[in-house]
Amino acid sequence: MVRTLTIPSQIVRILIAQWLVTFCIAGILLVVKYEYALSAFLGGLICALPNVYFARQIFTKYRIAQAQQLLATIYVAEFIKIGLALILFTVVFIKYKDVHPLTLFITYFIVHSCMWFVPLFTQQQHNKTLNQT
């Protein structure tokens, strides 16, 4: 029996967290200044969109029995994800003259850090649940 890979719930949580963090930062900065909010939104978008692409490439095409092909796909998808981020950065800096680079990069790195913090927090929640039983 060969099972199709599905996007794990942990990956879904990370992607949702990245979008939520993007919208929260942009919303807060909208009160301060429109250009900061736009820059924050674009920074989060530059981070989150390639990650959505990567997750869909890896988890929707292959079956568990195709391990060699899956490994090759991971490398190609990661390369394309990085290229997509670079293209998005280029487009943003060419098209949006009012973008605030510091806000854009800080938001990009905060959104990117969701990949580290979401698993850490969900693991702590899981450990607390196990200790209570």
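**Group meeting: a walk through the helices and their core**

Let me begin with G43, which touches L104, T107 and Y108 when residues up to four places away in sequence are not counted, contact here meaning heavy atoms within 4.5 Å. This is a predicted model, in which local features need pLDDT of at least 70 and side-chain atom pairs count only at pLDDT 80 or more, while totals for chains, interfaces and linings use all residues. Residues are numbered from 1 along each chain as its sequence is written, and side-chain values use heavy atoms, with hydrogens and water left out.

To stay with G43 for a moment, this residue lies in helix α2, where helices are DSSP runs of H or I with at least four residues, numbered from the N terminus. G43 is buried, at 0% relative accessibility; buried means under 20% relative accessible area, exposed means over 50%, and partly exposed is in between, with a 1.4 Å probe and protein chains only. In sequence G43 and L88 are 45 residues apart, and in space their C-alpha atoms are 9.3 Å apart.

Which residues make up the largest nonpolar core? There are eleven of them, namely L38, L42, I46, C47, A85, F89, V92, V99, L104, Y108 and V111, and by nonpolar core I mean a set of buried Ala, Val, Leu, Ile, Met, Phe, Trp, Tyr and Cys residues joined through side-chain atoms within 4.5 Å. At least two residues of this core come from each of α2 (34-61), α3 (67-95) and α4 (101-112), and α2 gives the most, with four residues. A second, separate core has seven residues, among them F54, A55, I58 and L70. In soluble globular proteins, nonpolar side chains tend to be buried together.

From the core we can move to T22, in helix α1 (residues 9-32). T22 is buried, with a relative accessible area of 0%, and, leaving out residues up to four places away in sequence, T22 touches A40, F41, G44, L45 and V111. V111, on its side, is in contact with Q18, V21, T22, G44 and C47, its neighbours within four places in sequence being set aside. A polar atom of the T22 side chain also lies 2.8 Å from the backbone oxygen of Q18.

A similar description can be given for S113, which lies in the loop between α4 and α5 (114-132). S113 is buried, at a relative accessible area of 12%, and a polar atom of its side chain lies 2.5 Å from the backbone oxygen of I110.

Next, the charged residues: how many salt bridges are there? The count comes to one, if a salt bridge is a side-chain nitrogen of Lys or Arg within 4 Å of a carboxyl oxygen of Asp or Glu. K81 forms a salt bridge with E78, and their closest N and O atoms are 3.6 Å apart. Both K81 and E78 lie in helix α3, three residues apart, which is about one turn of the helix. K81 is buried, with a relative accessible area of 13%, whereas E78 is partly exposed, at 27%.

Finally, E78 and K81 also help to line the largest pocket, together with I11, I14, L15, N51, F54, A55, F59 and M115. Each of α1, α2 and α3 supplies at least two residues of this lining, and α2 gives the most, with four residues.

Conventions:
Polar contact = N/O pair within 3.5 Å; in protein donor to acceptor, adjacent residues only side chain to side chain. 1 Å grid on protein atoms, 1.4 Å probe; cavity = no way out; pocket = protein on both sides within 12 Å on 5 of 7 lines; lining within 4 Å.
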